[in-house]
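Visitor: I would like to learn how labels are given to parts of a protein model. Please show me one and let me ask.

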Amino acid sequence: MLTVASDIEVLARFGRALADPIRCRILLALRESPAYPADLADAIGVSRTRLSNHLACLRDCGLVVAIPDGRRTRYELADERLGHALDDLRTAVVAVETDRTCPDADEKSCC
């Protein structure tokens, strides 16, 4: 039973990370190559403060790691398999009915 709980926790962390479009953009950028926060902020068009908050969330979720590099810190995916997982999720066929949306779509920013 412990394995199932661990598997559920991993999926919940992944879900939390993917629940925000900015975090998705960060993960996709890091899928391409490691990056420094200033470069990431410029690349995805957000402030460094906002980026820092999202990077903290991704670290807490266990999906990215911070690597000291002299006076700077470089970020990269915690495991190279995450890049493959992101590719699989990105290219998966999602069954969406075009005439329906979540009843709470506006309030919860979903669908």
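Visitor: How many salt bridges are there in this model?
Guide: This is a predicted model. The count comes to eight salt bridges.

Visitor: What makes Arg31 and Asp87 a salt bridge?
Guide: Their closest N and O atoms are 2.5 Å apart. The rule asks for a side-chain nitrogen of Lys or Arg within 4 Å of a carboxyl oxygen of Asp or Glu, so the pair counts. This pair also links distant parts of the chain, with Arg31 in helix 2 and Asp87 in helix 5, 56 residues apart.

Visitor: Which other partner does Arg31 have in a salt bridge?
Guide: Arg31 also pairs with Glu32. Here the closest N and O atoms are 3.1 Å apart.

Visitor: Why is Arg31 called partly exposed, and Glu32 exposed?
Guide: Compare each value with the cut-offs. Buried means under 20%, exposed means over 50%, and partly exposed lies in between. Arg31 has 24% relative accessibility, so Arg31 is partly exposed. Glu32 has 58%, so Glu32 is exposed. Asp87, with a relative accessible area of 24%, is therefore partly exposed.

Visitor: How do you know that Arg74 and Asp69 form a salt bridge?
Guide: Their closest N and O atoms are 3.8 Å apart. The limit is 4 Å, so the pair passes. Salt bridges that share partners also make a network, which joins Arg31, Glu32, Asp87 and Arg90.

Visitor: Why is helix 2 called roughly perpendicular to helix 4?
Guide: Their axes come within 10 Å and cross at roughly 75°. Angles of 65 to 115 degrees count as roughly perpendicular, so the label fits.

Visitor: Which residues make that contact?
Guide: Helix 2 brings Ile22, Arg23, Ile26 and Leu27. Helix 4 brings Arg50, Leu51, His54, Leu55, Cys57 and Leu58. By class, the contact has seven nonpolar, one polar and two charged residues.

Visitor: Which residues touch the most other members of the largest nonpolar core?
Guide: They are Ile26, Leu27, Leu30, Leu51 and Leu63, in a core of 22 residues. Helix 1, helix 2, helix 3, helix 4, strand 2 and helix 5 each supply at least two residues of this core.

Visitor: What does Leu30 touch, leaving out residues up to four places away in sequence?
Guide: Leu30 touches Ala35, Leu40, Val64, Tyr75, Glu76 and Leu77.

Note on methods:
Residues numbered from 1 in each chain as written. Predicted model: local features only at pLDDT ≥ 70, side-chain atom pairs only at ≥ 80, totals over all residues. Heavy atoms only, no water. Core = buried A, V, L, I, M, F, W, Y, C linked by side-chain atoms within 4.5 Å. Buried < 20%, exposed > 50% of the residue type's maximum accessible area, 1.4 Å probe, protein only. Helix = DSSP H or I, 4+ residues; strand = E, 2+ residues; numbered from the N terminus. Contact = heavy atoms within 4.5 Å. Axes fitted to C-alpha atoms, helices over the stretch in contact; angles between N-to-C directions. Parallel < 35°, antiparallel > 145°, perpendicular 65-115°, else oblique. Nonpolar A, V, L, I, M, F, W, Y, C, P; charged D, E, K, R; others polar.
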